[in-house]
Amino acid sequence: MSSLSATIQDVFNEPGCGKNANKSEAERKKGCTKQLQPGGAAGGCAFDGAKIALQPLTDVAHLVHGPIACEGNSWDNRGAKSSGSNLWRTGFTTDINETDVVFGGEKRLFKSIREIIEKYDPPAIFVYQTCVPAMIGDDIDAVCKAAREKFNKPVIPINSPGFVGPKNLGNKLAGEALLQHVIGTEEPEYTTPYDLNIIGEYNLSGELWQVKPLLDELGIRIMACISGDGKYKEVASSHRAKAAMMVCSKAMINVARKMEERYGIPFFEGSFYGIEDSSDSLREIARMLIERGAPAELMDRTEALIAREEAKAWAAIAKYKPRFEGKKVLLITGGVKSWSVVAALQEAGLELVGTSVKKSTKEDKERIKELMGQDAHMIEDMTPREMYKMLKDARADIMLSGGRSQFIALKASMPWLDINQERHHAYMGYVGMVKLVEEIDKALYNPVWAQVRKPAPWEKSGDNWQSRAMAQAEAEAAALAADPVKAEEVRRAKKICNCKSVELGVIEDAILANNLSTVEGVRDATNASGGCGACAVRIEEILEQMVSASHAIAAE
Amino acid sequence: MATVTVSKKACSVNPLKMSQPIGGALAFMGLRGAMPLLHGSQGCTSFGLVLFTRHFKEAIPMQTTAMSEVATVLGGYENVEQAVLNIYNRTKPEIIGICSTGVTETKGDDVDGYIKLIREKNAAVAHLPIVYVSTPDFKDAFQDGWEKTVTRIVETMVEAPKSAARRDPTKINVLPGCHLTPGDLDELRTIIEDFGLEPTFLPDLAGSLDGHIPDDFTPTTIGGVGVEEISMMGQAGWTIAIGAQMRRAAEAMQQKTGVPFRLFERLCGLEANDALMAFLTEISGRPAPMKYRRQRGQLVDAMLDGHFHIGGRKLAVGAEPDLLNEIGGLLTEMGAQLLVAVTTTQSPVLERLPTEEVLIGDLEDLENLAKAKDCDLMVTHSHGRQAASRLKIPFFRMGIPMFDRLGGGHQLMVGYRGARDLIFDFSNLLMADHEDNHEPTPDSWRDGVGPSHAATSH
């Protein structure tokens, strides 16, 4: 395990991550992982994260070394798409039993590798470590090495057992495995000045294919996509690419940065969600490739293509303007991290409510993204009653959010659209944004909402749960208004930091008692924002308010 | 009749099996105000949660003790304590059900001891019902986790009646296996009530995962059998257990409370439901209502109409033992041959199955055997979709998970009506397959092959 903990320390120390670079030495050591709260945690484990990141490699056999839960409960459940092999959708697991736990599972693992090679002969096998074999001391590195020598085939250990941390850590450990064992181990058949790596893109719902034709048209070759619709050989020889684009936030930033370090492949962080972001990304790709030696005329062709695609997309979206007039969207997402989704929705004439969204500086954008992320986090704890009230108060006509809130929103009889991982539609690129607007239209104007909101024949009007919920909420609000002590209690009980479970009152008291003026000070005193850090903006707001309030008092 | 063999492969390919802790967690989900809690790393819970969410299309209550590497090695007392207190404070459950996992069983956490200590140290949860079941992932399967959990609930929560005089002959306990859907439970409830009897289901997934919109929302289960109701099950006149997996729980009930039980290994098909009707008539003293006499006639008619399509079919079924028994039985009674039977775990029903061999294996085995034996109908859960499409044979989804179709929670199998509709669904699938893929052409008989339906003819 010592090499695994060294790897974990290494991925925590990520200079490419702005958030991390701003932390103190001690903070960095603690890592960027959210403290897991027993009985209050949600989300996958490090093994889940590693598998999510690598499983879209289509021609690889992904072998899970562990008891049946790790693969049996979860296989073939990702929406990534393949243009070739379907081997990645085959579930392989050692399904270890009690005897293996007592005597060790290494022999079974080795035999499993042999069986897979004999039956399926894949270009490579990825072996995923899980908690139980990690505990009993199965050395998968050694087994993989022995198998590699015996069968003369890449057998790659992915050391990311679930209990080392959450999903995002697993993403990074998966990246480390690629860097250590795969990338740079083979040579491409040929190279061109237009060779691009795309890192951190999983081709969910086949959405990469909404962008690929544009790259094809420009003559840009996706040398390797890590990992959506990727192939082993492409990744193994991806060190010969000229430039890289890093998608999907920071999930695989370690791969992008270390490839820059080791092979001199420059990268940028971009997105194909939204029209502006798509254009920006295409421009950046062209610019980087030209810088690395591609002819300068690539930029002219790129600009022409952007102009054509943008015009087409805006024209398609403009058609919806009259239908969307006066319609309000409640957008809650930490998932699709793209400002320009917001821009596209606004362009289609939708009004965004619930989050203060106006076009302004880059910092504002960041701030809004973080706010949305925080709300997305919060919404998982919301009861449908509260959600219904929120929709009602915001007077929203539709809610866009991640999958977790789906059933609650739908039970509140509210139009809802999934814009996170589990979605069935592909929203990437120019056509993707048009598709999103189409889907919103479909959801908004579906007559089913009028039907499902009708009272049952035995219900007295105004006696359904919705009106009861609203009445209850109003009664509670009225009771609070009449009882300032209680109201203050409720106000102070508002949770600001979800990771560390810190309430507003605690933060306010700490600020007053210690005369704090910085987020760091609050963090040291209360632990708030010591987790994912997304609530830092809220703490800043609290600080601002309290400072101005104390000034006001001083002025009196 | 059948020999049971266990696959000799080192590597399981395309698992049919799911783990026992989530089988246990699902059993707890049939209790009202419940929060199932897996004692393991957070992935143990999140995989199960995603699986159930995709199957039932509902929000699923399920928590984790979020064991880290260090906590796993040192022991999980603090994690269990924190989890119980957090759940208690945040969701105010009526009961917390804890299942262990592979990680915590490898270490050997004494969770029963932990619970005792937690109660002593925290007055708030001193009397909160907390049930613990040992369900290591590296043993047994989903169905076993369900079985152990229901048995444990009976052992710990049902109270023995103070005197036999307190027994109420109209009250009936129903212990359904995990192969029954919420739709099945609702059908059974109606049938039992139509005999003037009052059933209590343990667990009652129809109350919690049937998709209804509750009056008030809680983060725990939104319905199901209540803690109080469970404690009073000892006063019932009879226990009806469904599926061989429920024998242990029924025996535990009898041993603890003296309530006699009748085990129905099957409730899908004509004879099985005749037996149920006869039993309900006997214990209620009422004749079978007209409604069921008519439904029986409809089932007989459906069997007559359906046997043209189902008769002679070469069947490959992959399912947990009790579901395999139900579906293999029904279709065999309609003239199909159960040529391939793959299951997940040991059970006494396996050797009685109408087939030569039952294999405890995976969906790769099911696919290969179906191909070798020319099967032309496959029945298993949604994960069979890849195999069926490679073999190009009609595929009927049954069991958990059913994530790529709607209505898994309401698929009906029990009662005359359940069997009738299932026969229609099977027949329609086979008719559509015939129209799409096997219509005769002028040439199709010449080479002596004919428009075969089997896997290898493509």
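Which residue is the bridge partner of Val64(A) in strand 2 of chain A? That partner is Thr93(A). The model here is a predicted one, so local features are taken only at pLDDT of at least 70 and side-chain atom pairs only at pLDDT 80 or more, while totals for chains, interfaces and linings use all residues. Residues are numbered from 1 along each chain as its sequence is written, with chains lettered from A and ligands numbered from 1 in the order in which they are written.

Val64(A) belongs to strand 1 of chain A (residues 61-65), and 5 of the 5 residues in this strand are buried. Buried means 20 or more other C-beta atoms within 10 Å of a residue's own, exposed means 12 or fewer, and partly exposed is in between, with C-beta atoms placed from the backbone. Both faces are covered, with Ala61(A), Leu63(A) and His65(A) on one side and His62(A) and Val64(A) on the other. Strands and helices are DSSP runs numbered from the N terminus (E, at least two residues, for strands; H or I, at least four, for helices), and two strands count as paired if DSSP finds at least two bridges between them. Strand 1 of chain A runs parallel to strand 2 (residues 92-93) of chain A, joined by 2 bridges, and pairs in the parallel sense with strand 3 (residues 125-129) of chain A over 5 bridges. In that second pairing, Leu63(A) sits opposite Val127(A).

Strand 2 of chain A also reaches across to the other chain: 2 bridges pair it, in the antiparallel sense, with strand 2 of chain B. Here Phe92(A) has Val13(B) as its bridge partner. The contact between the chains takes 53 residues from chain A and 52 from chain B, where contact means C-beta atoms, placed from the backbone, within 7 Å. On the chain B side, helix 2 gives the largest share, 8 residues. By class, that side splits into 22 nonpolar, 21 polar and 9 charged residues. The nonpolar set is Ala, Val, Leu, Ile, Met, Phe, Trp, Tyr, Cys and Pro; Asp, Glu, Lys and Arg are charged, and the others, Gly among them, are polar.

Within chain A, the axes of helix 7 (residues 106-120) and helix 9 (residues 140-151) come within 10 Å and cross at roughly 35°. The axes are lines fitted to C-alpha atoms over the stretch in contact, with angles from 0 to 180 degrees between N-to-C directions. Among the residues making this contact are Phe110(A) and Ile113(A) of helix 7 and Val143(A) and Ala147(A) of helix 9. The class count is 9 nonpolar, no polar and 1 charged.

Chain B is divided into domain 1 (20-157), domain 2 (164-206 + 216-292) and domain 3 (302-437), with bounds from an automatic or database domain assignment. The centres of domains 1 and 2 of chain B, taken over C-alpha atoms, are 26 Å apart. Their contact involves 26 residues of domain 1 and 24 of domain 2. Helix 7 of chain B supplies the largest share of the domain 1 side, 10 residues.

A few backbone oddities round things off. Most residues other than glycine have a negative phi, and most peptide bonds are trans. Cis bonds join Leu202(B) to Pro203(B), with omega about -10°, and Ile400(B) to Pro401(B), with omega near 5°. Ser205(A) has a positive phi near 55° and is buried. Asn515(A) also has a positive phi, about 55°, but counts as exposed, with 9 C-beta neighbours inside 10 Å.

How values were computed:
Two residues are in contact if their C-beta atoms, placed from the backbone, lie within 7 Å.
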